[in-house]
Amino acid sequence: MKNIILLLLRFALGIGFLSAVADRLGFWGSPGDPAAAWGNWENFIQYTGKLNFDVSAAFANGLGIIATALEIAFGILLIIGYKIKYIALYSGILLLIFGLEMSINTHLKSALDASVFAASFGALLLSIQPTGKWSVDYLLQKNKIKTSFSKDS
């Protein structure tokens with residue numbers, strides 16, 4: 001059961017990151033559509049600027065690019081289960097930063113409603129768990145053990 005829960009937690013976090021990226025690229029609909037939070041890059045950058053103490057649009061765009069690249073990488077790596085301990089730790093920290101920014105620059109309620117802190121601490125909890133069976137990490141670890149035994153023979 002623990003392996004299933006770890007797998008589902010990885011998937012929930014990974015898909016959550018990729019869904020947020022899909023939203024800012026317009027895949028969940030246009031601005032104003034019920035499924036879209038931002039609906040396009042411009043709205044996402046405006047929100048990024050607001051979360052970062054109303055920085056300039058150019059600086060917000062740079063932050064948005066960095067956040068998007070991290071979310072894509074973290075999302076994919078969590079789903080496939082590669083370097084889970086590190087990626088989950090970095091994901092937890094990134095989500096905690098997002099939650100704190102939301103709390104300070106909009107309202108604590110927005111971070112609570114988006115479950116950002118729950119996701120952050122879920123990621124941090126994942127970072128201290130043993131490697132689950134359904135991951136690239138497990139396959140690599142299993143293969144390493146087999147390889148070391150075959151060299152000893």
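These are legends for a set of close-up views of one chain, shown as a predicted model.

**View 1. The whole chain, helix after helix.**
The chain has 7 helices and 0 strands, so there's no sheet to look for: a strand would need at least two residues in a DSSP run of type E. Walk along the sequence and you get α-α-α-α-α-α-α. The C-alpha atoms fill a box of roughly 65 × 30 × 25 Å, taken along the principal axes. The chain runs to 153 residues, and 36% of them count as buried.

**View 2. The largest pocket and its lining.**
Here we look into the largest pocket, which has a volume of about 670 Å³. It is lined by 27 residues, and the closest to the centre are Ala20, Arg24, Glu71, Leu95 and Phe98. Which elements give two or more residues to this lining? They are α1, α2 (41-51), α3 (57-80), α4 (84-105) and α6 (116-127). By class, the lining of the largest pocket splits into 19 nonpolar, 5 polar and 3 charged residues.

**View 3. Glutamate 71 and arginine 24, a salt bridge between α3 and α1.**
Stay with two of the residues from the pocket centre, Arg24 and Glu71. The side chains of glutamate 71 and arginine 24 form a salt bridge, with 2.6 Å from N to O. This one ties together distant parts of the chain: glutamate 71 belongs to helix α3 and arginine 24 to helix α1, and 47 residues separate them. Buried or exposed, then, for glutamate 71? Glutamate 71 counts as buried because its relative accessible area is 4%, under the 20% cut-off. Arginine 24, at 2%, is buried too.

**View 4. Asparagine 43 beside arginine 24.**
Keep arginine 24 in the frame and bring in asparagine 43, a residue of helix α2. The two C-alpha atoms are separated by 7.7 Å, while along the chain asparagine 43 and arginine 24 are 19 residues apart. Asparagine 43 has 26% relative accessibility, so it counts as partly exposed; arginine 24, as noted, is buried.

**View 5. Aspartate 113 and lysine 109, a salt bridge within α5.**
The model has 2 salt bridges, and here is the pair formed by the side chains of aspartate 113 and lysine 109, at 2.4 Å from N to O. Why are these two about one helical turn apart? Because they sit 4 residues apart in helix α5 (residues 108-113). Aspartate 113 is exposed, with a relative accessible area of 53%. Lysine 109 comes in at 49%, so it counts as partly exposed; the line for exposed is drawn at over 50%.

**View 6. A nonpolar patch on the surface.**
Met1, Ile4, Ile5, Leu8 and Trp134 make up a nonpolar patch on the surface, and together they have about 580 Å² of accessible area. Pick out Leu8, which is part of helix α1 (residues 2-24). Leucine 8 counts as exposed because its relative accessible area is 51%, and the cut-off is over 50%.

**View 7. The one cavity.**
How many cavities of 30 Å³ or more are there? The count is 1. Its volume is about 50 Å³. The lining consists of Leu6, Arg10, Ile84, Lys85, Leu126, Gln129, Pro130, Thr131 and Gly132. Helices α1 and α4 are the elements that give two or more residues to the lining of this cavity. Sorted by class, the cavity lining holds 4 nonpolar, 3 polar and 2 charged residues.

**View 8. Two loop residues with positive phi.**
Most residues other than glycine have a negative phi, so a couple of loop residues earn a close-up here. Aspartate 54 has a phi near 55°, a positive value in a residue other than glycine. You'll find aspartate 54 in the loop between α2 and α3, and at 64% relative accessibility aspartate 54 counts as exposed. Now turn to lysine 83, in the loop between α3 and α4. The phi of lysine 83 is near 55°, again positive in a residue other than glycine. Is lysine 83 buried, partly exposed or exposed? With a relative accessible area of 39%, lysine 83 is partly exposed.

Notes: Residues are numbered from 1 along each chain as its sequence is written. This is a predicted model: local features need pLDDT of at least 70, side-chain atom pairs count only at pLDDT 80 or more; totals for chains, interfaces and linings use all residues. Side-chain values use heavy atoms; hydrogens and water are left out. Patches are made of residues with over 30% relative accessible area and no salt bridge: like charges are joined within 9 Å, nonpolar side chains (Val, Leu, Ile, Met, Phe, Trp, Tyr) within 5 Å. Accessible areas come from the Shrake-Rupley method with a 1.4 Å probe; for residues, only the protein chains shown count as cover. A salt bridge is a side-chain nitrogen of Lys or Arg within 4 Å of a carboxyl oxygen of Asp or Glu. Buried means under 20% relative accessible area, exposed over 50%, partly exposed in between (1.4 Å probe, protein chains only). On a 1 Å grid over the protein atoms alone, a cavity is a set of points where a 1.4 Å probe fits but cannot get out, and a pocket is an open set with protein on both sides within 12 Å along at least five of seven lines; lining residues have an atom within 4 Å of a point. Grid points are joined across faces, edges and corners, and a volume is the space filled by probe spheres set on the points. Ala, Val, Leu, Ile, Met, Phe, Trp, Tyr, Cys and Pro count as nonpolar, Asp, Glu, Lys and Arg as charged, and the others, Gly among them, as polar.
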